[in-house]
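Hi there,

Here is the structure I promised to pass on to you. Please open it alongside this email, and the notes below should be easy to follow.

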Amino acid sequence: MNPRTANELGWMLDEVLKVPEARHAILLSADGMLRAHSEGITRDEADRQAAALSGLQSISRSTAEFCAREESPWQQTLVEFATGYVFLIAAGTGAYLAVSASQNVDMEAVTYRMHKLVDRLGKELTSPPRHDAVSHAGGPA
């Protein structure tokens, strides 16, 4: 999928927004690249949020020792603002699903829909790590 020209999974993200007061949904890779976005958020804004949410997930994951002595895998981050929430969950290897909502949203309904979407999409939401082109130190072999 070419992220600049396609938003093939965007329609599926719109399903999460059927919860009243849910605003936007984006699917991002671990390195902050936007994979898809719901209707109602511009591509530029979704790109910016994907980069920020990737950093938020990284910071959340690095605080695992605060929760448990042994390695505790990150599963979800919730950020609360005066006017709403941002939900961020794991959505397969190297992929995350984020939803924004107003302060009046049914938080349980949002997380339930998010997890159901992740289950339904399965491999579609997996974003394997990107590999750089193989460099030939001595030139062509």
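Below is what I found, going from the overall fold to single residues.

One caution before the details: this is a predicted model.

**Overall fold**

The protein has 141 residues, and 40% of them are buried. Its secondary structure comes to 4 helices and 5 strands, and along the sequence these follow the pattern α-β-β-α-α-β-β-β-α. Among contacts with a separation of 6 or more, 52% link residues 24 or more positions apart. The exposed surface is about 8,900 Å², with carbon and sulfur atoms supplying 53% of it.

**The sheet**

The 5 strands make an open sheet in the order β2-β1-β5-β4-β3, with antiparallel pairing. At the edges stand β2 (34-37) and β3 (76-81); each has a single partner strand, so one side of each is left without a neighbour in the sheet. On average, neighbouring strands are turned by 15° against each other, direction ignored.

Going through the pairs, you can start at the β2 edge. β1 and β2 pair in the antiparallel sense over 3 bridges, and L28 has L34 in β2 as its bridge partner. These two strands form a hairpin with 4 residues between them, and G32 in that turn has a positive phi of about 85°.

On to the next pair: β1 and β5 run antiparallel and are joined by 7 bridges. Here S29 has A95 in β5 as its bridge partner. β1 is also mostly covered, with 6 of its 8 residues buried.

At the other edge, β3 and β4 pair in the antiparallel sense over 6 bridges, and a hairpin joins them through 2 residues. Two positions to look at in this pair are E80, which stands opposite Y85 in β4, and L78, whose bridge partner in β4 is F87.

**Helices on the sheet**

Helix α2 (residues 43-62) packs on the sheet and touches β1, β2, β3, β4 and β5. Its direction makes about 70° with that of β1. α4, for its part, lies across β3, β4 and β5 and runs at about 30° to β4.

**Nonpolar cores**

Which residues have the most contacts inside the largest nonpolar core? They are L97, V99 and M114, in a core of 24 residues. At least two residues of this core come from each of α1 (10-13), β1 (22-29), β4 (84-90), β5 (95-102) and α4 (107-121). The largest share, 5 residues, is from α4.

L97 is a good place to centre your view. Leaving aside residues up to four places away in sequence, L97 touches L13, I26, F87, L88, I89, A91, M114, L117 and V118. There is also a second, separate core of 12 residues, which includes I26, I41, A50 and L53.

**Three residues to look at**

The first stop is H37, which lies in strand β2. Is H37 buried or exposed? Its relative accessible area is 12%, and since buried means under 20%, H37 counts as buried. The H37 side chain reaches the backbone oxygen of I41 at 3.4 Å. Not counting residues up to four places away in sequence, H37 touches N7, G10, L13, A25, I26, R43 and A46.

Next comes W11, in helix α1. W11 has a relative accessible area of 53%, and the cut-off for exposed is over 50%, so this tryptophan is classed as exposed. The C-alpha atoms of W11 and A36 are separated by 8.9 Å, although the two residues are 25 residues apart along the chain.

Last is E21, in the loop between α1 and β1. Its phi is near 80°, a positive value in a residue other than glycine. E21 is partly exposed, with a relative accessible area of 41%.

If you have only a few minutes, I would suggest looking at L97 in the largest core and then at H37 in β2.

Happy browsing, and best wishes!

Methods: Residues numbered from 1 in each chain as written. Heavy atoms only, no water. Core = buried A, V, L, I, M, F, W, Y, C linked by side-chain atoms within 4.5 Å. Buried < 20%, exposed > 50% of the residue type's maximum accessible area, 1.4 Å probe, protein only. Contact = heavy atoms within 4.5 Å. Pairing = 2+ DSSP bridges. Axes fitted to C-alpha atoms, helices over the stretch in contact; angles between N-to-C directions. Areas by Shrake-Rupley, 256 points an atom, 1.4 Å probe, with all protein chains shown as cover. Polar contact = N/O pair within 3.5 Å; in protein donor to acceptor, adjacent residues only side chain to side chain.
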